[in-house]
Amino acid sequence: MDFNVKKLASDAGVFFSRAMQFTEEKLGQAEKTELDAHFENLLARADSTKNWTEKILRQTEVLLQPNPSARVEEFLYEKLDRKVPSRVTNGELLAQYMTEAANDFGPGTPYGKTLIKVGETQRRLGAAERDFIHSASINFLTPLRNFLEGDWRTISKERRILQNRRLDLDACKARLKKAKAAEAKAACEGDAVPDFQETRPRNYVLSASASALWSDEVEKAEHELRLTQTEFDRQAEVTRLLLEGISSTHVNHLRCLHEFVESQTNYYAQCYQYMLDLQKQLGRFSGTFVGNAESTSPPPAAASPPAVAAATLPAVPTIPVVPTIVGVPNTVAESVLNPNEVKPPTSGTRKARVLYDYEAADSTELALLADEMITVYSLPGMDPDWLIGERGNQKGKVPVTYLELLS
């Protein structure tokens with residue numbers, strides 16, 4: 001290793017001189033070359049771009065991978081320039097557990113069948129999540145990271161060089177100012193009339209010699225100032241061009257942002273479609289999802305229809321109920337819940353629009369077609385998730401969550 005002590009000492013001297021000069025500028029004890037307003041605006045815009053890009057990058061990483069340990073692992077693999085190992089998503093892991101549970105409980109049982117169906121949907125959701133993370137990483141995170149690790153590092157390096165050139169320029173200006181002051185002082189002393197009768201007439205000669213020396217010093221300082229000014233102007237132009245390139249960076253990041261939104265839209269659309277298909281399947285076979293064969297209560301239809309329907313349905317109005325006969329217990333009321341044997345109330349029935357197709361599980365239920373209009377009402381002792389529906393001469397139980405009750 002070539003170790004140059006003189007160069008090290010020289011660099012250390014320059015460093016301490018610039019540090020002292022920078023401190024004096026902060027304290028207002030030294031002059032500072034100011035940049036023009038446009039240049040200062042470019043610097044402020046670049047700093048703002050860097051800061052917000054860092055925040056957006058970090059938070060997007062949190063969005064795509066909430067696990068901090070996994071993010072640290074991916075960061076280390078990236079710095080080591082190694083491929084990140086494939087990681088199972090939460091949806092895929094849940095699908096695996098549901099499938100294993102279904103095999104344990106019995107794939108032919110209603111619960112086992114449902115676990116298999118839901119597990120398959122969770123697997124598809126996990127695969128969609130994996131594709132979204134991969135797409136967002138390539139189309140959005142990578143350009144932001146390339147800016148911070150590439151363009152911004154170049155800008156920061158050139159700004160540091162410009163800062164050093166400015167300090168050198170201000171130091172040359174201060175040196176020239178001192179040389180001119182000393183030259184003027186020596187010239188004043190040289191203009192005095194000499195007294196050749198004094199014991200030491202050589203003072204006049206010394207003053208004239210000092211004036212000549214300071215004149216040479218002024219010329220040298222002016223030459224150094226011109227060279228330093230040229231270097232400063234050249235570096236300022238280079239830095240200005242890099243800072244003006246921030247506009248191109250914004251355009252590139254805007255394009256990447258559109259791609260990120262498109263990927264996210266496709267991801268959520270896939271998830272919605274998968275869940276819609278799953279809940280339609282569950283709703284189609286809702287009559288078979290009875291956990292206890294001895295139970296006489298109707299199957300719960302609240303968990304069958306699509307979640308979007310439950311989220312968008314208006315508040316369910318009160319359904320007219322047939323008055324309960326005094327002295328008749330609820331068990332008797334439940335025993336007469338055969339829809340074909342009951343009569344609708346004389347008043348208070350409501351119209352309802354069917355939201356989704358529904359296949360009747362048995363003869364007590366009424367099959368539905370989307371968008372058709374039916375008449376509904378409730379009977380005492382019925383499960384609150386079910387109503388009695390009538391369409392012409394047909395009558396049967398219908399799930400509430402498949403309907404939009406009209407006022």
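This passage describes the helices, nonpolar cores and sheet of a predicted model.

The largest nonpolar core holds 34 residues. Within this core, Phe-132, Phe-140 and Leu-243 touch the most other members. Four elements each give two or more residues to the core: helix H2 (37–64), helix H5 (110–190), helix H6 (202–244) and helix H7 (246–284). H5 gives the most, with 16 residues. Leu-243 contacts Phe-39, Leu-42, Leu-43, Ala-46 and Ile-155, leaving aside neighbours within four places in sequence. Apart from this core lies another, of 20 residues. Val-354, Leu-368, Val-376 and Tyr-377 are among its members.

Phe-147 is also placed in helix H5. Its relative accessibility is 3%, so Phe-147 counts as buried, the cut-off being under 20%. Residues up to four places away in sequence aside, Phe-147 touches Thr-49, Lys-50, Thr-53, Trp-152, Ile-246, Thr-249 and His-253. One of these contacts, Lys-50, lies 97 residues from Phe-147 along the chain. The C-alpha atoms of Phe-147 and Lys-50 are separated by 8.6 Å.

Helix H4 spans residues 90–105 and has 16 residues. From its first C-alpha to its last, H4 reaches 22 Å. This is close to the 22 Å expected at 1.5 Å a residue. Gly-91, Glu-92, Ala-95, Met-98 and Ala-102 are buried in H4. These residues cover an arc of only 120 degrees around the axis, and therefore lie on the same side of H4. Asn-90 and Asp-104 are exposed, and sit on the face of H4 turned away from its buried side. Just after H4, Gly-106 takes a positive phi of about 115 degrees.

Five strands form an open sheet, in the order E4-E3-E2-E1-E5. The pairing is antiparallel. Strand E4 (394–399) and strand E5 (403–405) stand at the edges. Each has a single partner strand, so one side of each is left without a neighbour in the sheet. Neighbouring strands of this sheet are turned by 40 degrees against each other on average, direction ignored. At the E5 edge, strand E1 (residues 350–354) pairs with E5 in the antiparallel sense over three bridges. Arg-353 has Glu-404 in E5 as its bridge partner.

Methods:
Residues are numbered from 1 along each chain as its sequence is written. This is a predicted model: local features need pLDDT of at least 70, side-chain atom pairs count only at pLDDT 80 or more; totals for chains, interfaces and linings use all residues. Side-chain values use heavy atoms; hydrogens and water are left out. The expected span of a helix is 1.5 Å times one less than its number of residues. Buried means under 20% relative accessible area, exposed over 50%, partly exposed in between (1.4 Å probe, protein chains only). The arc is that of the directions from the helix axis to the C-beta atoms. A nonpolar core is a set of buried Ala, Val, Leu, Ile, Met, Phe, Trp, Tyr and Cys residues joined through side-chain atoms within 4.5 Å. Contact means heavy atoms within 4.5 Å. Two strands pair if DSSP finds at least two bridges between them. Axes are lines fitted to C-alpha atoms, for helices over the stretch in contact, and angles run from 0 to 180 degrees between N-to-C directions.
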